[in-house]
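Trainee: Got a minute? I'd like to go through a dimer model with you.
Mentor: Sure, put it up and ask away.

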2 protein chains.
Amino acid sequence: MEVKIVEVGLRDGLQNEAVILPTDAKKILVKKLIAAGVRDIEVTSFVHPKWVPQLADAEQLASELPSNAAVVYRALVPNRQGLARALETKVDEFAVFMSASEAHNRKNINKSIAETYPVLEEVTKLAKQQGKKVRGYVSTVFGCPYEGDVDISQVAKICERLFAMGVYEISLGDTIGVATPNDVKKVLKALLSQFPAETLAGHFHDTRGTGLVNAYVALELGITTLDTSFGGMGGCPYAPGAAGNLATEDLVYTLERMGVKTGIDLERLCDVSLTAQRILGKALPSKVLKSYVGSKKRKS
Amino acid sequence: MEVKIVEVGLRDGLQNEAVILPTDAKKILVKKLIAAGVRDIEVTSFVHPKWVPQLADAEQLASELPSNAAVVYRALVPNRQGLARALETKVDEFAVFMSASEAHNRKNINKSIAETYPVLEEVTKLAKQQGKKVRGYVSTVFGCPYEGDVDISQVAKICERLFAMGVYEISLGDTIGVATPNDVKKVLKALLSQFPAETLAGHFHDTRGTGLVNAYVALELGITTLDTSFGGMGGCPYAPGAAGNLATEDLVYTLERMGVKTGIDLERLCDVSLTAQRILGKALPSKVLKSYVGSKKRKS
């Protein structure tokens, strides 16, 4: 069994951190991630800089990425303007995004779900015309900060629309980290009755410490692509101080010990997060990282 | 389905914290835990005070516990001297302990495994003569900081000996938090072929973030007793700064959302941990706790 880890720390992680990283610091982190064996790196989002100042350097960063045929650089594109900017850079693959709940979609992209479809459809079509693959992100699949529970049939309908547009994979986001194993089972079993496992990815936030168990349940159900963030970087805009994405380190440790190859060197990955900690001036939540730092302290 | 949560924060948590809590502070925490609905509370250990100064007030604390027929107070007893001290207090139930690995047993209790058996046998016999139940703890079941992997047949042999002495339940400790789901499955499947599920408990440290997923796997295999620590208090002597036990909050959140009743009120439990944070002067690792604090901050 092989698991594809999509490293989203530089996008989903950083956009939820208070500190704005200089482009050069991001480039150092990209290089270190590659040296650690990470091959799928979501580097930024081409949203308007005023919405996400942490990613305002999208063009510069994405233009100055180290060339490496083995690495897939990914970026979010909200609309045709964003796509046009992204197409001028070294980004290999794009992602469109929307929410499963009406209220979160409006807060996040200022449109109703119905108004969002044609925008994503246009982006997907244009990107594919350029020979680029497009991923779809669906947020709030397991719960919405405004609406609470989200109807699975609504999620399924959105997935249908996105696949019909031509996205090759949909990442199912537990945006606020409320899901537990039963939620993951319920949603995935419903979606897997319609869509093949290889077209779905799990994106679990660790707000309540359930990221790893949810990833495990997804793997048990046949999902083999998971989104994580080095150091567990990020946070939750709905609970300041809470944890961010599932930490890449915690997933890699677990998978490798279970005999699942990830291609990622855990020590080198921890060193990426240590660098990020120094730049951000704060401890990152990954527990494997803390344990790594602690065991080094003890030895020295 | 019901799950019994054994709250070990005041013993396993505190013995791994640098700060020594005054007895009065511990008594406040006990009262608050009871108010939150916690019913099984391991309050201390009657080891010699010089080994664990954090628990040097064992007699005083255990004598001054609030009387409550619904609550089971538990304490560790290393030998007949410890038991004699404990029998003078309000402790309802005792626990004997040893390690599954020879090296950890020697480091921890300064005896070989063979030399340990008669000591535990004597304690168990004497406690039972007083009408007290005795639990057994086996440490390093899933890995030893000195020996690495631990043979499952060795664990099974120790369990056999402990059950033969008269312990009613054995808590299987992932003392250094190395286990992943496959380890838990392998060990538990082997033990469950010999011993009924209701005689085994899971004690998972969250050193590498795997506490919750391991608890989940144990529950799936029929284990219904789990040891946790409020706030995730504690740490790992082999990796200073690393996380402690699986946090009670994180387990309670997950179980309750999955429809499993724990009898514990999550908000009140978080308030216990907030009190502990103030007394200890440090943030505790529970992610549910951080999310609770964050959502309160956002509202205020």
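Trainee: How many residue pairs are in polar contact across the interface of chain B and chain A?
Mentor: The rule finds 14, with both residues at pLDDT 80 or more. Keep in mind that this is a predicted model.

Trainee: Which elements of chain B give two or more residues to the side touching chain A?
Mentor: Those are α8 (181-192), α9 (211-220), α10 (248-257) and α12 (287-299) of chain B. The most comes from α12(B), with eight residues.

Trainee: And how do the residues on that side of chain B divide?
Mentor: You get 17 nonpolar, 10 polar and 12 charged.

Trainee: OK, salt bridges. How many are there across the interface of chain B and chain A?
Mentor: Six by the rule. One pairs Asp206(B) with Lys287(A), where the closest N and O atoms are 2.5 Å apart.

Trainee: What about area: how much do chain B and chain A bury between them?
Mentor: About 3,300 Å², with 56% of it on carbon and sulfur atoms. On chain B, Arg208(B), Arg257(B) and Lys287(B) supply 20% of the area buried against chain A, more than any other three residues.

Trainee: Switching topic: what turn and shift lay chain B on chain A?
Mentor: A turn of 180° and a shift of 0.0 Å along the axis, giving an RMSD of 0.0 Å. That's the relation of a two-fold axis.

Trainee: Which C-alpha in chain B is nearest the axis?
Mentor: That of Val213(B), 2.2 Å from it. Both copies use the same surface, too: 100% of the contact residues of chain B recur in chain A.

Key: Residues numbered from 1 in each chain as written. Chains lettered and ligands numbered in written order. Predicted model: local features only at pLDDT ≥ 70, side-chain atom pairs only at ≥ 80, totals over all residues. Heavy atoms only, no water. Buried area = accessible area lost by both parts, 1.4 Å probe. Salt bridge = Lys/Arg side-chain N within 4 Å of Asp/Glu carboxyl O. Polar contact = N/O pair within 3.5 Å; in protein donor to acceptor, adjacent residues only side chain to side chain. Helix = DSSP H or I, 4+ residues; strand = E, 2+ residues; numbered from the N terminus. Nonpolar A, V, L, I, M, F, W, Y, C, P; charged D, E, K, R; others polar. Least-squares fit on C-alpha atoms with pLDDT ≥ 70 in both. Contact = heavy atoms within 4.5 Å.
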